[in-house]
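This report describes the fold of one protein chain, from its overall architecture to selected elements. Please consult the sequence and the structure while reading.

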Amino acid sequence: MSGERDLDTLRREMAPRLRPETFVYCSFPDFRIPAGLEPICTFREAEGVTAIVEKTQAEWSAVPYVFESHLITLTVHSSLEAVGFLATLAGRLADADIPCNVVAGYHHDHLFVPTHQSQQALTVLASMSASSA
């Protein structure tokens, strides 16, 4: 299955789900992730590996981190070739002054938003979903 591509369907069926854990971003210039860290996501850049991990793991491992965030998963199966979906969401969150870092997985899109704004982000996303119904 390739996922949904229609923008109206994606907005209507996005069904955002908030995870309770606090996640943080860590950078490892030596490209080695310390033992004990179990990232939810990694990305290799020229400057090193970025790892998104639970804050408790980063603190336990005594590694520096930034951007305390909650994860909102859009549970609709979105196509990796869908045009404009994430741009629309990011624009509405930006209008509400909510930073958003997006990770696109094979089945779903995942939004990392500041912990103190996660409920507000859910409200924005819910209003978008309701307005496309």
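How many helices and how many strands are there in the protein chain? In this predicted model, the protein chain holds four helices and seven strands. Read from the N terminus, these elements follow the order α-β-β-β-β-α-β-α-β-β-α.

**Overall dimensions**

Taken along the principal axes, the box filled by the C-alpha atoms of the protein chain is roughly 45 × 30 × 20 Å. The radius of gyration is 16 Å, which agrees with the value near 14 Å that a compact globule of 133 residues would have. Of these 133 residues, 37% count as buried. The protein chain exposes about 7400 Å², and carbon and sulfur atoms supply 53% of that area. Among contacts with a separation of 6 or more, 71% are between residues 24 or more positions apart.

**Strand S2 and its partners**

Strand S2 comprises residues 23-28. Is this strand mostly covered or mostly uncovered? S2 is mostly covered, with five of its six residues buried. S2 is joined both to strand S4, which spans residues 48-54, and to S5. The table sets out the two pairings.

| Strand joined to S2 | Bridges | Direction | Residue pair |
|---|---|---|---|
| S4 | six bridges | antiparallel | Tyr 25 and Ile 52 |
| S5 | two bridges | antiparallel | Phe 23 and Ser 69 |

In the pairing with S4, Ile 52 is the bridge partner of Tyr 25. In the pairing with S5, Ser 69 stands opposite Phe 23.

**Helix H3**

Which residues of helix H3 are buried? Within this helix, which covers residues 85-95, the buried residues are Phe 85, Leu 89 and Leu 93. Viewed down the axis of H3, these buried residues fall within an arc of 55°, and therefore they line one face of the helix. The exposed residues Ala 87 and Asp 95 are carried on the face of H3 turned away from its buried side.

Against which elements do the buried residues of H3 pack? Their packing partners are two helices and two strands, namely helix H1 (7-13), helix H4 (118-131), strand S5 (66-74) and strand S7 (109-114). Strand S5 thus appears in both parts of this description: S5 is joined to S2 by two bridges, and the buried residues of H3 pack against S5. After H3 comes Asp 97, which has a positive phi, near 60°.

Technical notes. Residues numbered from 1 in each chain as written. Predicted model: local features only at pLDDT ≥ 70, side-chain atom pairs only at ≥ 80, totals over all residues. Heavy atoms only, no water. Buried < 20%, exposed > 50% of the residue type's maximum accessible area, 1.4 Å probe, protein only. Arc of directions from axis to C-beta. Contact = heavy atoms within 4.5 Å. Pairing = 2+ DSSP bridges. Rg over C-alpha atoms; globule rule 2.2 N^0.38 Å. Areas by Shrake-Rupley, 256 points an atom, 1.4 Å probe, with all protein chains shown as cover.
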